[in-house]
Amino acid sequence: MRHGRLSGPARPSIVRLENSDLPIERFGALEELDVLHGFVRRIQGIALSNDKAAVLASLDEAHRQVRHRLALAERALATVRQVHGSEVAVIDRPLKNDHCFDNCDGLITNQCAVCLGIYVADCCAVYLVDRKRRAIGLLHSGKKGTALGIVGKAIELLKKKFGTDAADLVVQLSPCIRPPHYEIDFAAQIVEQCRDAGVSKVHDEGVCTACHLERYYSYRAEKGRTGRMLALLALGRAAQVAPGNGSRR
Ligand SMILES: [Zn+2]
């Protein structure tokens, strides 16, 4: 286990969190599947900023601890530059290091050694899991990405690259901003896009980020001076680990 980064010299902007304090939200619909996942909520004590890069740097250490806690620390973290577009990166071979894909807002993979990550603060993180084939996707779908149909594009790519049947997909929407705090109900549009693509198992608890600033960051409610939640998704290792080793998911 790599603990080196946690025991180095203290940096003033970094908040040390006990494992029990890490605010990780889990989704029941994904708990049943052979995947590892989490949605990292607002982290107390992190300085907010209008500068996305600065706030991500401040959140980085806590997010590393979350990956460690979720048994994802050994996986290469794949993220996207997030330009409110509809391009989806395909990861069909192992990544040697953490990698951020430019000009993309979504990721799909069939690689067990990769962890997908998406940052959001009001936009929706959309988790896609193929229950039969080993394939997953994670998307950033806000007002623009939803209008561009990123979910439908990702489902098409899953079919094309990994042979996914939409009927085998389980989709989970993260908390995101909704009416009346936002003028457009893009979460409802995402659900509709999933159904149009043939997905029947679509889960959305209807939680609004701007309604719960104690738990979530909200770009709109905090006028841009905010943080980012981190959505994480990786394939499980049920097929690869010895019995009894992978039961505590
Ligand atoms: Zn609200």
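Me: Let's start with helix 6 in this predicted model. At about what angle to strand 8 does helix 6 run?
Reply: Helix 6 covers residues 186–196 and lies across strand 8, strand 9, strand 10 and strand 11. Taken against strand 8, its direction makes an angle of about 20°.

Me: Which residues of helix 6 are buried, and how wide an arc do they cover around the axis?
Reply: The buried residues of helix 6 are Phe186, Ala187, Ile190, Gln193 and Cys194. They sit on the same side of helix 6, because the arc they cover around the axis is only 115°.

Me: Against which elements do the buried residues of helix 6 pack?
Reply: Among the partners are two helices, helix 4 (143–147) and helix 5. The strands they pack against are strand 8, strand 9, strand 10 and strand 11.

Me: Good, now the sheet beneath. In what order do the 6 strands of the sheet with mixed pairing that holds strand 9 come?
Reply: This sheet is open, and its pairing is mixed. Its edge strands are strand 4 (88–91) and strand 11 (201–203), each pairing on one side only. Neighbouring strands are turned by 15° against each other on average, direction ignored. Read across, the order is 4-6-9-8-10-11.

Me: What angle does the direction of helix 5 make with that of strand 9?
Reply: Helix 5, residues 150–162, packs on this sheet. It touches strand 4, strand 6 (106–109), strand 8, strand 9 and strand 10 (169–173). With the direction of strand 9, the direction of helix 5 makes about 160°.

Me: How many bridges join strand 8 to strand 9, and how many join strand 6 to strand 9?
Reply: Strand 8 (residues 124–130) and strand 9 (residues 135–141) form a hairpin with 4 residues between them. Strand 9 runs antiparallel to strand 8 and also antiparallel to strand 6, where Gly106 stands opposite Leu139. The bridges number 7 for strand 8 with strand 9, and for strand 6 with strand 9 they number 4.

Me: Is strand 9 largely enclosed or open, and how many of its residues are buried?
Reply: Ala135, Gly137, Leu139 and Ser141 point one way from strand 9, while Ile136, Leu138 and His140 point the other way, and all are buried. Strand 9 is therefore largely enclosed by the rest of the structure, with a buried count of 7 of the 7 residues.

Me: Which residue in strand 9 stands opposite Tyr127?
Reply: Tyr127 is one of the residues with the most contacts inside the largest nonpolar core, which has 71 residues. Not counting residues up to four places away in sequence, Tyr127 touches Leu30, His37, Leu138, Val171, Gln172, Ala231 and Leu233. The residue opposite Tyr127 in strand 9 is Leu138.

Me: Which strand gives the largest share of this core?
Reply: Ala231 and Ala234 are among the residues with the most contacts inside the core. The largest share of the core is 7 residues, and they come from strand 12 (residues 229–235).

Me: Which strands stand at the edges of the sheet that holds strand 12?
Reply: That open sheet has 6 strands in the order 1-2-12-7-3-5, with mixed pairing. Each edge strand has a single partner strand, so one side of each is left without a neighbour in the sheet; the two are strand 1 (24–25) and strand 5 (99–101).

Me: Which residue of strand 5 stands opposite Ala78?
Reply: Strand 3 (residues 76–80) pairs with strand 5 in the parallel sense, over 3 bridges. Opposite Ala78 in strand 5 stands His99.

Me: On to the loops: why does Glu183 count as exposed?
Reply: Glu183 lies in the loop between strand 10 and helix 6. Its C-alpha atom is separated by 9.7 Å from that of Lys143, 40 residues apart along the chain. A residue is exposed if 12 or fewer other C-beta atoms lie within 10 Å of its own. Glu183 is exposed because the number within 10 Å is 10.

Me: Where is the cis peptide bond, and what is its omega?
Reply: Most peptide bonds are trans. Pro180, in the loop between strand 10 and helix 6, is joined to Pro179 by a cis peptide bond with an omega of about 5°.

Note on methods. Residues numbered from 1 in each chain as written. Predicted model: local features only at pLDDT ≥ 70, side-chain atom pairs only at ≥ 80, totals over all residues. Pairing = 2+ DSSP bridges. Axes fitted to C-alpha atoms, helices over the stretch in contact; angles between N-to-C directions. Contact = placed C-beta atoms within 7 Å. Core = buried A, V, L, I, M, F, W, Y, C linked by C-beta atoms within 7 Å. Buried ≥ 20, exposed ≤ 12 C-beta atoms within 10 Å, placed from the backbone. Arc of directions from axis to C-beta.
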